[in-house]
Structures are given as C-alpha cells and as structure tokens.
Amino acid sequence: MLVSATLVGLAMLTGVAQAKPVTMTFHEKSVVDTFHDVIPCIGNGQELGTITTVENGVIHITAAGLDENGEPIPPYHITGTFTGTVTAVPDDPSLPTFTGHFTTWFGENSNQKTFNDTDTFTVIATGSDGSTLKFHDTFHVTVNANGDVTVEFDKPSCF
C-alpha cells in the first residue's frame, strides 16, 4: 500500500490536466481481507501467519480535479481511516492465535512541487494463551518535484 501510494504521488507530480475541482467521500463497511504476512511482536518478531481483517473505513478527497484515469490532480489532499477486527493465525502451531482490533490512517498531500504521505497503523490483540500483541507503525515519505525522496522513515514498534 505504501509503495503504491508513493508511486501515485510521483505520477501526480508530473500530471498536468484541466478539470473541475472535486470533493469526494467513500465509505466501506464490513470489508473482509485475508492475507499471509508477518505477525509482529510475537515469537522471533518475524513470524509469518494468516491474517484476516474485517474493516469499516472512510476516504476523503479534495483535489483540483480528476485525470482521465480518475486519479486526483494536484493540488490535492486525501485522508483515509479504517478500523476493525483482526485475527492472526501463526504458521507455527506452537504459537497462539491472536484476535483483536486495529486502526489505520493515512494522509496524502500533493502540489506541483511536492508530494507527502504519512501512514499510521495500530493493532492490539489477545492471544489464545492470554498473551497480548500490541504494535504501532508510523511511516512517512516526502518527494520533491524532481522525484527525489527528501524525507523517509518507517518506525515500527511493539509496546
């Protein structure tokens, strides 16, 4: 998600189009997603497992317009918030299954000179053995008009 958001941002910096300004809001409810990924903060910290989320979310977009592909034209501001339940089943059967709650937020801003994206993600879950999984991540990238990344960080942490 972060890489695609960055690529979209880079594309927006180079796009020139003429369109009407737009303000849009999109809602989602009870969207289920299942994927295989790292379950942070358990075992060796790199434990893989099957993760299932059920989320509700909202995205707000304010932009100069939309291009021919429906992408926002700079300057634009986009925010999204998603929250829901999570179940994480480690591949290693000796580890507990975790169930809990997550919230993620992102914000993008772009104009003809810069693009920036900030994302946060927090999950708190309880293991089938009574243990607790608490994880937070903050990611940020800023890209200048030349396409150079001028600021970038990713700060995952268990708490």
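Phe102, Phe121 and Phe135 are joined into a cluster by ring pairs. This is a predicted model. The chain has 159 residues, and 34% of them are buried. It holds 1 helix and 7 strands. The mean pLDDT is 91.

**Aromatic rings**
- The count of aromatic pairs comes to 3.
- Phenylalanine 82 and phenylalanine 106 form a stacked pair, with 6.5 Å from centre to centre and 10 degrees between the planes.
- This pair links distant parts of the chain, since its members stand 24 residues apart.
- Phenylalanine 82 belongs to strand 3 (residues 72-90), and phenylalanine 106 belongs to strand 4.
- Phenylalanine 82 has a relative accessible area of 11%, so it counts as buried.
- Phenylalanine 106 is buried too, at 12% relative accessible area.
- A charge also meets a ring: the charged end of lysine 155 sits over phenylalanine 153, 5.0 Å from the ring centre.

**Threonine 104**
- Threonine 104 lies in strand 4, which covers residues 98-110.
- Its relative accessibility is 16%, and therefore threonine 104 counts as buried.
- A polar atom of the threonine 104 side chain lies 2.8 Å from the backbone oxygen of threonine 120.
- Threonine 120 is also among the contacts of threonine 104 beyond four places in sequence.
- The others in that list are Gly80, Thr81, Phe82 and Phe121.
- Phe82 is the strand 3 member of the stacked pair, while Phe121 is part of the ring cluster.

**Overall layout**
- Along the sequence, the elements follow the pattern α-β-β-β-β-β-β-β.
- Take the contacts between residues at least 6 apart in sequence: 52% of them join residues at least 24 apart.
- The accessible surface of the chain is about 8900 Å².
- Carbon and sulfur atoms account for 58% of that surface.

**Confidence**
- A pLDDT of 70 or more is reached by 89% of the residues.
- Residues 1-8 stay under 50 in pLDDT.
- The model gives residues 1-8 11 contacts beyond four places in sequence.
- Residues 10-17 are also below 50 in pLDDT.
- That second stretch has 20 contacts in the model beyond near neighbours in sequence.
- Where pLDDT is low, the predicted coordinates should not be read in detail.

Key:
Residues are numbered from 1 along each chain as its sequence is written. This is a predicted model: local features need pLDDT of at least 70, side-chain atom pairs count only at pLDDT 80 or more; totals for chains, interfaces and linings use all residues. Side-chain values use heavy atoms; hydrogens and water are left out. pLDDT is the predictor's confidence in each residue, from 0 to 100. Contact means heavy atoms within 4.5 Å. Helices (H or I, at least four residues) and strands (E, at least two) are DSSP runs, numbered from the N terminus. Buried means under 20% relative accessible area, exposed over 50%, partly exposed in between (1.4 Å probe, protein chains only). A polar contact is a pair of N or O atoms within 3.5 Å; within protein, one must be able to donate a hydrogen and the other to accept it, and residues adjacent in sequence count only if both atoms are side-chain atoms. Rings of Phe, Tyr and Trp (its six-membered ring) pair if their centres lie within 6.5 Å; planes under 30 degrees apart count as stacked, over 60 as edge-to-face and the rest as tilted. A charge sits over a ring if NZ of Lys or CZ of Arg is within 6 Å of the ring centre and within 35 degrees of the ring normal. Accessible areas come from the Shrake-Rupley method with a 1.4 Å probe; for residues, only the protein chains shown count as cover.
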